[in-house]
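Subject: Handing over a structure

Hello,

I am passing a structure on to you, as promised. Please have a look at it before you read my notes underneath.

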Amino acid sequence: MELIIDNLSKTYANGVQALQNISLEIPTGMFGLLGPNGAGKSTLMRTIATLQEADKGSIKLGEIDVLKQKNELRQVLGYLPQQFGLYPKISAEFLLNHFAVLKGISHKGERNDLVKALLHKTNLYEVRKQNLKGFSGGMKQRFGIAQALLSNPKLLIVDEPTAGLDPVERNRFYNVLSELGEKTVVILSTHIVDDVKELCTNMAIINKGQVCLKGNPKKILEDMKGKVYKKTIHKQELNSYKQNYQVISERLFLGKPTIHILSDVNPGDGFTLINAELEDVYFSEIFNKTNAKSH
Ligand code: ADP
């Protein structure tokens, strides 16, 4: 099973070009869609989930023409949007059971088995009798996944799932997601580089409605090998470094700014070669684009 997006474009009524000729081939497994706020991720996710129309282009999941066969797609889709409402005063188990009834799983024994299995899978079995009102952000997200999995989806879309989660909750969420990629196309849309680094076998970076980079994260990192250098500098030197080098990131390390630069040759000047991280790839793509656009 493969999701193939071909030349997809969308301009909103206010003139914002949210998607510009997006083409992606997404195989079974975890796919990370990475991009800053406003890049077009949600627009793309909602279009794939048949919740909004594109202006042009096509999307295919196996034999299904997503933009035309909306009902067929919906039958094999699990979608966890950025924000979703939950009825606060009932338990996780009750609500999941209720959703299973709505999905048409009418046999009680079968339904109970499925609900139990999903509560275990999402690590919520211990808290299944608790009201959702008392759930933390991470527990709610895991509940959302359990709900999305009720129909055994072939395509699962998860939009910005870890925003607002603390590191422990985020890890739990990663563990739940990482088991899903074996038979399913899972698209994880996020602006958090770590999400993709930990989980995804394929990825794309989008910015300003365009794909800037796509591929396998390991391979992408290999291509950056020997090109990223680091140096700790004084704050007031930052501007002059920015003029002389292609600075891709600046972070504080023990209170001092440390810059990473991209360079094909050893710049000398006190820089040390480092192993590129996915953050370096991400920042270099985003900054390149921003700079190119602003010039
Ligand atoms: P992301 O999910 O990556 O943050 P979005 O897809 O939400 O990006 O937004 C992409 C661009 O489209 C942004 O500039 C946003 O302001 C704009 N946008 C999103 N939804 C609408 C809408 N319904 N009407 C007009 N503009 C929108």
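Here are my notes on the ligand and on the largest pocket.

This is a predicted model, in which local features need pLDDT of at least 70 and side-chain atom pairs count only at pLDDT 80 or more, while totals for chains, interfaces and linings use all residues. Residues are numbered from 1 along each chain as its sequence is written, and side-chain values use heavy atoms, with hydrogens and water left out.

Let me start with the ligand. It has 13 residues around it, and Gly38, Gly40, Lys41, Ser42 and Thr43 come nearest (near means a heavy atom within 4 Å). Helix H1, residues 41-48, gives the most to this shell, with four residues (helices are DSSP runs of H or I, at least four residues; strands are runs of E, at least two).

There are polar contacts as well (pairs of N or O atoms within 3.5 Å). An oxygen atom of the ligand is 2.7 Å from a polar backbone atom of Gly38, and an oxygen atom of the ligand is 3.1 Å from one of Ala39. The protein buries 64% of the 560 Å² that the ligand exposes when taken alone (Shrake-Rupley method, 1.4 Å probe).

Now the largest pocket (an open set of points on a 1 Å grid where a 1.4 Å probe fits, with protein on both sides within 12 Å along at least five of seven lines; lining residues have an atom within 4 Å of a point). Its volume, the space filled by probe spheres set on the points, is about 450 Å³. Among its 22 lining residues, Leu77, Tyr79, Lys103, Gln147 and Ala148 are closest to the centre. Strand S6 (77-80) gives the most to this lining, with four residues.

Best wishes

Definitions and conventions
A polar contact is a pair of N or O atoms within 3.5 Å; within protein, one must be able to donate a hydrogen and the other to accept it, and residues adjacent in sequence count only if both atoms are side-chain atoms.
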